[in-house]
There are 2 protein chains.
Amino acid sequence: VETGDAAAIDALMEPLHAADIADLLEQIGSAERADLVRLWSKGIDGEILSELDESIREEVIEALPHDVLTEAVRELDSDDVVDLIEDLEEPQQERILGALPEGERAAVEQSLTYPEYSAGRLMQREVVTAPEHWTVGEAIDFLRNAKELPDQFYHMILVDPRWHPTGYVTLGKLLSSKRAVKLTDIAEESFRTIDVLEEEGDVAYAFNQYHLISAPVVDADERLVGVITIDDAMAVLDEEHEEDILRLAGVGDGSLSDSVAETTKQRLPWLGVNLVTAILASVVIAQFERVIAQIVALAVLMPIVASMGGNAGTQALTVAVRAIATRDLTGSNMWRVVRREATVGLFNGVIFAVVMGVVGWFWFGSTMIGVVLAAAMVVNLVVAGLAGILIPVALEKAGVDPALASGAFVTTVTDVVGFFAFLGLAAMVLL
Amino acid sequence: VETGDAAAIDALMEPLHAADIADLLEQIGSAERADLVRLWSKGIDGEILSELDESIREEVIEALPHDVLTEAVRELDSDDVVDLIEDLEEPQQERILGALPEGERAAVEQSLTYPEYSAGRLMQREVVTAPEHWTVGEAIDFLRNAKELPDQFYHMILVDPRWHPTGYVTLGKLLSSKRAVKLTDIAEESFRTIDVLEEEGDVAYAFNQYHLISAPVVDADERLVGVITIDDAMAVLDEEHEEDILRLAGVGDGSLSDSVAETTKQRLPWLGVNLVTAILASVVIAQFERVIAQIVALAVLMPIVASMGGNAGTQALTVAVRAIATRDLTGSNMWRVVRREATVGLFNGVIFAVVMGVVGWFWFGSTMIGVVLAAAMVVNLVVAGLAGILIPVALEKAGVDPALASGAFVTTVTDVVGFFAFLGLAAMVLL
């Protein structure tokens, strides 16, 4: 495609959705990307910029001529502009803010005063309201005569004279009710407001839990300041999940479009933590050098105990981390869950102990090696179950994201306990 | 609470949202739950049943008196009834179907003929349509006179005379446009239809990617059969993510409310797979028994190489699995991503090789042990990066969910390569 044929590119890109064009830009190499942006700069609009991955967005914005960029950002709603620029470097932020008309620039700057990842950053400021004493007829007349309504809105928010939201009415209900009906009589039951400082993850949780379509955002005085719609909440939910998965695997903010240097840096810390825990496990093994020197079979079998423990621990841990994230694990069911994990560990421990006992026995022709292996397996799987639940709960209590840090702690525990139980028992029984 | 005081329970539960009551029922023990359902059965409505976890739903339905159940399911929309009963056992399904009025029963049974996890199961059959030649005025008059409209709807779907959807109009646009305007002139650009057999995960992806609020569902003849709204898509997105996270950790369909026996059974297969791979790694170690017997330090250090490889592999694998799920990893950028993973593995390998070389050297006072450890680390981290990307891609090509199976394969590769590289190099260099 990159023969410099601008017309051909135009024909190919025109029918695509902005999100797909953004994906395309992310997937091609950076040299090709620069060429494409240069040849097709007039095609890059605000929506495409919004969809781009952060790392690539900066690159593309830098490559865009001033007039294209101006036009691109002017067509966006204020919340989309906030989303677009909040992760950019200072000079690029300035460049985009400069391209906005005065009024919108002020609105964007105001939004940026709310903390990152808060409802304030997520909301749109354009709201459609009605005094709570209005009837359906008054509301419909108002809407039909309104000059400027937001692109997308699904509810009219009822406000009292002091601008406190007191309910909302769906447009569907509005259209299907008689003109004389009071708005308060057809207001939705599911009404709830969101605090402007609420964490965006909690906002997404509320939308999903209570099946909200849109929700008014209020400030500390309970005054209406904006509205969040479900599509924004869905995007947040998606991001939060993504983050959880990547954190559980010890990958910071990884994305395929990051450079090699960035990726190396993102993955280093977790590998570093893992190195420390691995060395800790090695120190445990070193205490039993004498035993291993006499019975080399122990060196052959010991990784099995540690590896089974690590896996069982990861299973328990993942379920616990998810349960914490979805608010399913609370003080009231905590001890029942702990008991359950320990019991599951015990059952699986016994099952695999029998299997491994037999394997150890046949392989090395020693009953005692089989017995030691089996016993160590039971101990380690029970400990794995307990560590898998107690560690994330403790981290959560301590204010640390359990998705981020639990893995390292749990595998440390299962490695250390696994090696210690196996080699320690062997030392006692076999020497 | 469980002193049998029904009035007190009533007072406590009444103000709660159905989703919160369902969470409460999930978190208490099963004896308490039975008591609560018995004492408060009239409070259990269809919405609460919808929100309940599958395993508990059966239990609660069984405990409900017939008249309460009948009333509970009659108040639900047909798509919610489908959602409610699709996972139930045959006799319970019959019981609920029997409680429905004839017409709705037929609709539900029709929906159940679509494959599980398809758009057909997700959609609601109640749609609001308008002939495509209508004007805004005609549409508004139609809505204002309509007898029965769905509880929630955000668009009017335009259909041609053969019932093919050709576009849709938001209620907001409808309300704010002049009566003479043709509906086709204010139709949304983002219009796209969904095939009734499309997989629900793909539906959720489309909603998230294209910022859809609702989308018409069509059959093989492109005829309109229903509509899917964003709140259902959001719930699916949530479930799919949950599934991916749990699968990556080797936990089938785990939930905190499953019994010990179920949980043990869910976790067994993955632990079994892990046992086989662990034994495979042990077989590799067994080939070097002679070397270990002579230099016990090798037994102390070998888990470090394997563990670092396992972690680096899991990192690469998780990013790859996510990229496949979000369609960010395609044929066109595949080789660039593979090259990147190998390079990242090489960089991190060299960094940790230096660290570990020094540690090995100081700890055991042998330069050669340090060198061997360092070399094995580089080899294993590069292999980990490659395995982390190539294995999920290969599984995806083979039609296996990479989230489910990649972990086992990747850790097998890194364990085997790690032990083999470290002990093999040691045998060559140190003996």
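Across the interface of chain B and chain A, the rule finds four salt bridges. This is a predicted model. One salt bridge joins the side chains of A:Glu242 and B:Arg322, with 2.9 Å from N to O. Helix α17 of chain B, residues 297-325, gives the most to the side of chain B that touches chain A, with 17 residues. That side of chain B divides into 65 nonpolar, 31 polar and 22 charged residues. Polar contacts also cross the interface of chain B and chain A: the rule finds 38 such residue pairs, both residues at pLDDT 80 or more.

The contact draws 118 residues from chain B and 117 residues from chain A. Between them the two chains bury about 10,000 Å², of which 64% lies on carbon and sulfur atoms. Three residues, B:Leu175, B:Met234 and B:Leu256, supply 8% of the area that chain B buries against chain A, more than any other three residues.

How are the two chains related? A turn of 180 degrees with a shift of 0.0 Å along the axis lays chain B on chain A with an RMSD of 0.1 Å. That is the relation of a two-fold axis. The same surface serves both copies, since 99% of the contact residues of chain B recur in chain A.

Over all chains, the structure holds 28 salt bridges. Within chain A, A:Glu94 and A:Arg105 form one of them, and their closest N and O atoms are 3.9 Å apart. This pair links distant parts of the chain: A:Glu94 belongs to helix α8 (residues 90-99) and A:Arg105 to helix α9 (residues 102-111), the two residues being eleven apart.

Two helices of chain A can be checked for length. The expected span takes 1.5 Å times one less than the number of residues.

| Helix of chain A | Residues | Expected span | Distance between end C-alpha atoms |
|---|---|---|---|
| α18 (334-364) | 31 residues | 45 Å | 43 Å |
| α20 (402-430) | 29 residues | 42 Å | 40 Å |

For helix α18 of chain A, the 43 Å between the end C-alpha atoms agrees with the expected 45 Å. For helix α20 of chain A, the 40 Å likewise agrees with the expected 42 Å.

The ends of these helices add local detail. After α18 of chain A comes A:Gly365, whose phi is positive, near 60 degrees. At the start of α20 of chain A, a side-chain oxygen of A:Asp401 reaches to within 2.8 Å of the backbone nitrogen of A:Ala403.

Methods. Residues are numbered from 1 along each chain as its sequence is written. Chains are lettered from A and ligands numbered from 1 in the order in which they are written. This is a predicted model: local features need pLDDT of at least 70, side-chain atom pairs count only at pLDDT 80 or more; totals for chains, interfaces and linings use all residues. Side-chain values use heavy atoms; hydrogens and water are left out. Copies are superposed by least squares on the C-alpha atoms of residues with pLDDT of at least 70 in both. Contact means heavy atoms within 4.5 Å. Buried area is the accessible area (1.4 Å probe) that two parts lose on being put together, summed over both. A polar contact is a pair of N or O atoms within 3.5 Å; within protein, one must be able to donate a hydrogen and the other to accept it, and residues adjacent in sequence count only if both atoms are side-chain atoms. Helices (H or I, at least four residues) and strands (E, at least two) are DSSP runs, numbered from the N terminus. Ala, Val, Leu, Ile, Met, Phe, Trp, Tyr, Cys and Pro count as nonpolar, Asp, Glu, Lys and Arg as charged, and the others, Gly among them, as polar.
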